[in-house]
Amino acid sequence: MEGGAGRGLECQKTMDGKASNGNASKKAIPSCCLKARASAPELEAKCHSTVVSGWFSESKSHSDKAAKNVYFNNPMWPGEVHSVKVENILFKGKSDFQEVLVFESSAYGKVLVLDGIVQLTEKDECAYQEMIAHLPLCSIPSPKSVLVVGGGDGGVLREISRHSSIEHIDICEIDKMVIDVSKKFFPELAVGFEDPRVHLHIDDGMINFTLSIKFLRNAPKGKYDAIIVDSSDPVGPAQELVEKPFFETIARALRPGGVVCNMAESMWLHTHLIQDMLSICHETFKGSVHYAWASVPTYPSGVIGFLICSTEGPPVDFKNPVNPIENVEGAVKHKRELKFYNSEVHQAAFALPTFLKREVSLLRDSPTPPREIHVS
């Protein structure tokens, strides 16, 4: 991706499922833009500089009236475009796993992009980081041991560190470049790594997500009070992170009444995936299984979901936080005030739109049994 103020570079979250004309449909789609259709590891790191996995395109000069933008398909978000103006490219590199890009935007501050997919922006990261951390941690009393799968930017760690009851935090991340880039360009997130309770587990020799799976399999049974899965979208190798064996491994690593929170896509775009994930979790977790959501403007459709479950054991009422972060001793001394999460937002996150309940059968309200009427 080439910078320069005179070139009018824009970040395009573009998910057009079909070409606009017959000639365009015959153009070859770069292999990196096909990564959502295939799980071939050799394709994962092959991204080009001006159009990355269908999300970025370089807009043509206004004087070039004949030129047209070319958009590539990302099957996860068909038919959707969201543009964010790029002011300056700050970093562009390629790790063993993915292309890493950081740019300064005009409206959302600095933006972190992995393999062409926006991971976070300075302006709205608070919504995702705070919700995925505090929905589970505020639902159980005095959590002590937590595992984060992914989360190399450090934002989830930053939020977990607000809880003074926590004694041990493991984080399992595959890509050291993500951590290093975050520490340099996103120190307000990467501050999470500075907490002495954090123990980083990383192995650059592991392929894709096998490190996370191997780490969980080797974890002692019942070790964690909470596991937070800050994962990629379920395409290619990341598909493993939304399949039953992975959730079974998580359930084994949780104590009775332990909780897991997993990113669970958009209700506007992925009801079929939400249904599949809920079905697996109802089979795997014998406690509670719920779907929650939050507004994140730079995520496709502007809404992101969370799948939150508990294992069999002490009951967990996710909808009514028993460990409100506003009252956690030491939380107010945190370097950064909460921007999005509070107890009211926590409760509201579980209020689901009617269309979602209609399209996802496992989210429908159970019918209320008729009351018995006793006649004297």
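**Exercise 1.** Determine whether Ser-142 is buried, partly exposed or exposed, and what is notable about its phi.

*Solution.* Ser-142 has a relative accessible area of 41% and is therefore partly exposed, given that buried means under 20% relative accessible area, exposed over 50%, and partly exposed in between (1.4 Å probe, protein chains only). This is a predicted model, in which local features need pLDDT of at least 70, side-chain atom pairs count only at pLDDT 80 or more, and totals for chains, interfaces and linings use all residues. Residues are numbered from 1 along each chain as its sequence is written, and side-chain values use heavy atoms, with hydrogens and water left out. Ser-142 lies in the loop between H2 and E7, where helices (H or I, at least four residues) and strands (E, at least two) are DSSP runs numbered from the N terminus. Its phi is positive, about 50 degrees, although Ser-142 is not a glycine. Most residues other than glycine have a negative phi.

**Exercise 2.** Carry out the analysis for Glu-265: where is it found, and is it buried or exposed?

*Solution.* Glu-265 is found in the loop between E11 and helix H8 (271–284). Its relative accessible area is 1%, so Glu-265 is buried. Phi of Glu-265 is near 65 degrees, again a positive value in a residue other than glycine.

**Exercise 3.** Find which residues Ile-160 is in contact with, leaving aside its neighbours within four places in sequence.

*Solution.* With contact meaning heavy atoms within 4.5 Å, the partners of Ile-160 include Ala-133, Leu-137, Val-146 and Ile-228.
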